Amino acid sequence: MKKSKQFLISNAVPILFTVLCIIGVYLSGTPISTILSDLVNRFDRNILLVLSLIIPATCGLGMNFGIVLGAMCGQVGLVVVTILNMSGISALAAAAVIAMAAAILCGYLAGKILNRTKGQEMITSMIVGYFSNGIYQFIFLFVIGGIIKVEHDILLTGDIGIKNTIALDSMQYSLDGLSIFGLNTRVDLFTGVIFFSLLFAAVFLIGALVHRQFTKKLAIQLAVCGILAAASAVMAKMPRFVVAKTLIRIPIPTFLLIALVCFLMQKFMKTKLGQDMRAVGHDREVAGASGIKVDQVRIISVIISTVLAAWGQIIFYQNLGTMDAYYGHEKVGTFCVAAILIGGASVKRATIGQAILGTVLFHLLYTVSPLASQQLFSSSMVGGYFRMTLCYAVIAAALILHVWESRSKDQELH
């Protein structure tokens with residue numbers, strides 16, 4: 001009973017939002033296959049941006065609202081390759097390299113600033129984002145075309161500054177719809193589930209063979225993968241699931257990239273540097289006394305977060321197909337922080353599982369709330385206001401809890 005109560009208290013936020021999502025799906029009156037199709041699309045676009053928040057939180061920097069810096073770097077990469085008339089997966093790769101270079105520089109500078117405002121990192125990262133946005137707007141509105149001469153239809157009338165909306169037709173689905181030897185890798189739901197079930201089964205089995213550890217946990221993992229693969233194979237042939245099979249598309253390359261990032265992040269946190277980040281996040285003073293270069297570790301965590309956010313923004317826009325050059329990055333920090341908090345993360349602790357769960361719940365609610373309000377109030381705007389209110393309410397509640405916990409610990413020490 002005590003464990004159940006503790007579980008409910010610890011997971012109150014994700015449980016609440018799960019209930020809200022179920023109610024929203026029911027009230028929306030929309031077929032599940034349609035909702036899942038939109039959810040897969042949104043998850044594909046946003047998960048890497050949310051994952052970029054994990055390492056700074058682990059390192060004690062709280063929720064890094066400054067990932068907007070990374071988003072801007074990603075957009076800079078996309079603008080450069082567009083001006084160079086590049087297309088396809090090569091353009092995406094070039095944009096990723098350009099964005100990474102810019103993100104490393106921006107992450108380093110942001111990390112230096114955050115080291116000078118220890119204890120106030122979240123508000124500082126937010127202000128750094130606003131300040132950087134001003135520089136970004138100046139470059140895109142006046143420098144490109146004005147100082148840096150460019151000949152391209154991306155420019156505004158007068159050939160100074162770039163347009164607000166940039167078409168990325170030459171790069172759309174270049175990763176999501178990547179063709180390998182003429183084979184389309186954007187598959188139906190059931191084929192995708194079978195592929196990843198077999199993939200994870202192989203990974204679990206190889207890991208057990210390497211470490212020579214054949215445990216009960218491994219048997220359960222293999223059984224779950226086998227059941228999912230078998231169930232998907234059966235459901236794919238059933239007439240009642242034809243709509244779901246046709247409508248829901250799984251981009252194998254993007255999901256493989258996401259799985260790889262999760263795997264590498266998990267392995268990274270087990271390295272010496274990863275353990276140093278945990279130590280710094282737990283107690284800066286003790287970590288410094290034990291010989292850890294606290295400031296350097298914090299800067300590295302911000303750089304990694306900024307680079308991941310830059311790549312996440314590139315993946316977002318290659319899926320969307322058009323880029324909002326001046327406003328597309330502004331809400332990235334707020335939405336991603338809300339998503340990971342909804343998944344059960346706190347200001348001081350965030351995991352990959354919480355990032356995935358939070359992204360699913362946040363974007364499911366984002367999808368169904370306008371549909372539900374349309375059914376109830378004949379206006380989708382009510383749902384839009386509702387989800388924005390919840391978004392900011394979750395962030396506010398997390399910050400209040402963080403301050404309350406910090407003061408409680410200070411009182412215990414004194």
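**Exercise 1. Find the loop that holds Tyr-173, then say how its phi and its accessibility look.**

Tyr-173 sits in the loop between strand S1 (165-167) and strand S2 (179-180). Helices (H or I, at least four residues) and strands (E, at least two) are DSSP runs, numbered from the N terminus. A quick note before you go on: this is a predicted model, where local features need pLDDT of at least 70, side-chain atom pairs count only at pLDDT 80 or more, and totals for chains, interfaces and linings use all residues. Residues are numbered from 1 along each chain as its sequence is written, and side-chain values use heavy atoms, with hydrogens and water left out.

Step 1: look at the backbone. Tyr-173 is not a glycine, yet its phi is positive, about 60 degrees.

Step 2: check the surface. Buried means under 20% relative accessible area, exposed over 50%, and partly exposed in between (1.4 Å probe, protein chains only). Tyr-173 has 31% relative accessibility, so it counts as partly exposed.

**Exercise 2. Do the same for Asn-85.**

Step 1: place the residue. Asn-85 is in the loop between H5 and helix H6 (88-115).

Step 2: read the phi. Asn-85 has a positive value near 60 degrees, in a residue other than glycine.

Step 3: classify. Asn-85 counts as exposed because its relative accessibility is 61%.

**Exercise 3. Describe how helix H5 (residues 67-83) packs on helix H14 (residues 294-320).**

Step 1: get the geometry. The axes of H5 and H14 are 7 Å apart, and the angle is about 50 degrees. Axes here are lines fitted to C-alpha atoms, for helices over the stretch in contact, and angles run from 0 to 180 degrees between N-to-C directions.

Step 2: name the angle. That makes H5 oblique to H14, since angles under 35 degrees count as roughly parallel, over 145 as roughly antiparallel, 65 to 115 as roughly perpendicular and the rest as oblique.

Step 3: list who touches whom. Contact means heavy atoms within 4.5 Å. On the H5 side the residues include Leu-69, Cys-73 and Leu-78, and on the H14 side they include Ala-310, Ile-314 and Tyr-317.

Step 4: sort them. The contact of H5 with H14 has nine nonpolar residues, six polar and no charged. Ala, Val, Leu, Ile, Met, Phe, Trp, Tyr, Cys and Pro count as nonpolar, Asp, Glu, Lys and Arg as charged, and the others, Gly among them, as polar.

**Exercise 4. Sort out the ring pairs Tyr-136 with Phe-140 and Phe-195 with Phe-196.**

Step 1: learn the rule. Rings of Phe, Tyr and Trp (its six-membered ring) pair if their centres lie within 6.5 Å; planes under 30 degrees apart count as stacked, over 60 as edge-to-face and the rest as tilted. The whole structure has 12 aromatic pairs.

Step 2: try Tyr-136 and Phe-140. Their centres are 4.4 Å apart with 35 degrees between the planes, which is a tilted pair. They are about one helical turn apart because they lie four residues apart in helix H7 (residues 121-146). Both Tyr-136 and Phe-140 are buried.

Step 3: try Phe-195 and Phe-196. With centres 5.2 Å apart and planes at 90 degrees, this pair is edge-to-face. Phe-195 is partly exposed at 34% relative accessible area, whereas Phe-196 is buried at 12%.

Step 4: widen the view. Ring pairs link Phe-195 and Phe-196 with Phe-43, Phe-200, Phe-204 and Phe-255 into a cluster.
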